Structures are given as structure tokens and as C-alpha cells.
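Welcome to a short set of exercises, each with a worked solution. Have the viewer ready and try each task before reading on.

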Amino acid sequence: MNQLKKIFRQISEAVDNRKDDFHTFFFSNICNGEIESRCVILRNFDDERGIIYFHSDKRSPKVNSLKDNPQSYCLFYHKDNKVQLRIKTFTKIHFSGNVWEKAWSKTKLSSRKCYLSIYNPSQTISSCDDGIPFELKGRNPSISESKKGEKNFVVVENKIKSIDWLILDSQGHKRKKFFLEDEEKNETWLAP
């Protein structure tokens, strides 16, 4: 399981390093009977429990669809290391509580601004507009102004079920699958 520890370390390091390729990853789930994917930002990683966190707007269609079907995938690719991680996850949404409070308190004002939009994500609008109130155009909200966005902020928790690890190497690609659903962690080599 040394490789699994290395994978977890690489994900952990990407939480605070905006330049690390793992800092931004693709999240996929079923929404209205179709697979949807989008880029999200890695906000936290609990390496002891195998949980990946990102933030979202409560009004987003993905939040409602995840309540109905919590099965999801996280796809990471590190260009320099030529490592791909396809991670099967089970998602839980935090609308309040300790996880939510800790995440909101750490969220920068520039990020909190996103939750102040008058529009729901994916809502059809008549022209190009982010929905941010006019008085906040070109500046970050104050702490008190940002509080209005609290009601739209959620933490998306993704419990790892399995990891399909692939490293591309001119000397020979390597691929392994790690199963983390049981108390006992198992792994097996796969053909690349």
C-alpha cells in the first residue's frame, strides 16, 4: 500500500498548491438521467478517512441530483507526473454543521462572492451576467456582505470507494486498482 500512501500525499499537497495539477479536477455524476462532468477545486482532503472535499452552490442542479443518487467519480490528471486517478466516490452534501462551518470560515472573500449571485447556477438568463450585485462589481465583499451568501454555500464530501491509478511511462505504463470500501484495503494490478 505504499503507492496508495503516495497517492494520498500527492492529493494532500494539491489542496493548498494552486499550481499543482491535482488542485483542479473533474467531478462527474448522474443528473437528470445523464452523466455530467465539471471542473472543481480541491478544497480539502482527509487522508485518514479517504475523503475529497470541494465547495458548491446549494442551488446547483448537481446538488439536488446528488441527493437522489450519491454515486460519483473524481478524475485527476497530473501532466508533469503523467498520473491519472479515476476515483469512484460516494457523495454527501453538508448544508450546515461542523464541516460546513469550518469550510465557510476558511473561504476567502473573493470565493464567497460567487455565492452572492442572484441567479441559480445553470439558470437561463437573457444576457451575459454573473448575477453579482452591482455594488460588488470590481471588488470583494466585506465579511458582513458575504454573509448573505452563506445560505447558498455547501460542502461536497466524496468518500473514496476505489482508485484506478495509471502512470504513463515510455518504459512501460503501470496501472493498479485500490479498493477502499471495506475495512481491509485491497489492491490489484490491471493491464494499462
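**Exercise 1. Find how much surface the chain exposes, and what share carbon and sulfur atoms supply.**

Step 1: the exposed area comes to about 11,600 Å², with accessible areas taken from the Shrake-Rupley method with a 1.4 Å probe, where for residues only the protein chains shown count as cover.
Step 2: carbon and sulfur atoms supply 48% of that area.

Before going on, note that this is a predicted model, in which local features need pLDDT of at least 70, side-chain atom pairs count only at pLDDT 80 or more, and totals for chains, interfaces and linings use all residues. Residues are numbered from 1 along each chain as its sequence is written, and side-chain values use heavy atoms, leaving out hydrogens and water.

**Exercise 2. Describe the overall build of the chain.**

Step 1: count the secondary structure, which gives 5 helices and 9 strands; helices (H or I, at least four residues) and strands (E, at least two) are DSSP runs, numbered from the N terminus.
Step 2: put them in sequence order, and the pattern reads α-β-β-β-β-α-β-β-α-α-α-β-β-β.
Step 3: along the principal axes, the C-alpha atoms fill a box of roughly 55 × 35 × 35 Å.
Step 4: of the 192 residues, 40% are buried (under 20% relative accessible area, with exposed over 50% and partly exposed in between; 1.4 Å probe, protein chains only).

**Exercise 3. Work out which residues of helix α2 are buried, and what covers them.**

Step 1: within α2 (residues 61-68), the buried residues are Lys62, Val63, Ser65 and Leu66.
Step 2: looking down the axis of α2, these residues fall within an arc of 170 degrees, so they line one face of the helix; the arc is that of the directions from the helix axis to the C-beta atoms.
Step 3: their cover includes the strands β1 (24-31), β2 (34-41), β4 (51-57), β5 (71-78), β6 (83-94) and β7 (153-167).

**Exercise 4. Place Ala103 in its surroundings.**

Step 1: Ala103 sits in helix α3 (residues 98-106).
Step 2: Ala103 counts as buried because its relative accessibility is 13%.
Step 3: leaving aside residues up to four places away in sequence, Ala103 touches His55, Phe153 and Val155 (contact means heavy atoms within 4.5 Å).
Step 4: Phe54 is 49 residues from Ala103 in sequence, and their C-alpha atoms are 9.4 Å apart.

**Exercise 5. Identify the aromatic cluster that holds Phe54.**

Step 1: Phe54 belongs to one aromatic cluster with Phe22, Phe25, Phe27 and Phe76.
Step 2: the structure holds 11 aromatic pairs, where rings of Phe, Tyr and Trp (its six-membered ring) pair if their centres lie within 6.5 Å.

Technical notes: Rings of Phe, Tyr and Trp (its six-membered ring) pair if their centres lie within 6.5 Å; planes under 30 degrees apart count as stacked, over 60 as edge-to-face and the rest as tilted.
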